[in-house]
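Work through the exercises below with the structure open. Try each task before reading its solution.

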Amino acid sequence: MSVWDIEIFGNDSVIELFEEVQDLDPHDRVDALIDAGRIGLDSESSDEAACALAAAVIIAIWNGA
């Protein structure tokens, strides 16, 4: 396992975020991930920062990165 698997994608807050996002329609899903990224940038919470990183990875993948 990589650090990403353990520290980011294994984080309970990230798992919860992805569970909530999967139930949204596509437009709301994108908005939710963007919001998670914005919240994480301004937060001192390590869980919110992990959610921001995970959201950024998903958005990057969707955009062909």
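**Exercise 1. Find which helices supply at least two residues each of the nonpolar patch.**

Solution. This is a predicted model. Start with the helices: α3 (26-41) and α4 (46-62) each give the nonpolar patch at least two residues. Next, list the members: Val-30, Ile-34, Ile-61 and Trp-62. Together they make a surface patch of about 360 Å².

**Exercise 2. Place Ile-61 in its helix, and decide whether Ile-61 is buried or exposed.**

Solution. Locate the residue: Ile-61 sits in helix α4. Then take its relative accessible area, which is 53%. Exposed means over 50%. Ile-61 is therefore exposed.

**Exercise 3. Describe the fold of the chain and judge how compact the chain is.**

Solution. Count the elements: four helices and zero strands. Their order from the N terminus is α-α-α-α. Now compare sizes. The radius of gyration is 11 Å, close to the 11 Å from the globule rule for 65 residues, so the chain is as compact as a globular protein of that length. Its C-alpha atoms fill a box of roughly 30 × 25 × 20 Å along the principal axes. Turn to contacts: of those with a separation of 6 or more, 51% join residues 24 or more positions apart.

**Exercise 4. State how much of the chain is buried and what supplies its exposed area.**

Solution. Of the 65 residues, 23% are buried. The chain exposes about 4500 Å². Carbon and sulfur atoms supply 55% of that area.

**Exercise 5. Find where confidence is lowest and where it is highest.**

Solution. Begin with the whole chain: mean pLDDT is 90, and 95% of residues reach 70 or more. Helix α1 (residues 3-8) is lowest, at a mean of 75. Helix α2 (residues 12-22) is highest, at 95.

How values were computed
Residues are numbered from 1 along each chain as its sequence is written. This is a predicted model: local features need pLDDT of at least 70, side-chain atom pairs count only at pLDDT 80 or more; totals for chains, interfaces and linings use all residues. Side-chain values use heavy atoms; hydrogens and water are left out. The radius of gyration is taken over C-alpha atoms; the globule rule is 2.2 Å times the number of residues to the power 0.38. Buried means under 20% relative accessible area, exposed over 50%, partly exposed in between (1.4 Å probe, protein chains only). Contact means heavy atoms within 4.5 Å. Accessible areas come from the Shrake-Rupley method with a 1.4 Å probe; for residues, only the protein chains shown count as cover. pLDDT is the predictor's confidence in each residue, from 0 to 100. Patches are made of residues with over 30% relative accessible area and no salt bridge: like charges are joined within 9 Å, nonpolar side chains (Val, Leu, Ile, Met, Phe, Trp, Tyr) within 5 Å. A salt bridge is a side-chain nitrogen of Lys or Arg within 4 Å of a carboxyl oxygen of Asp or Glu.
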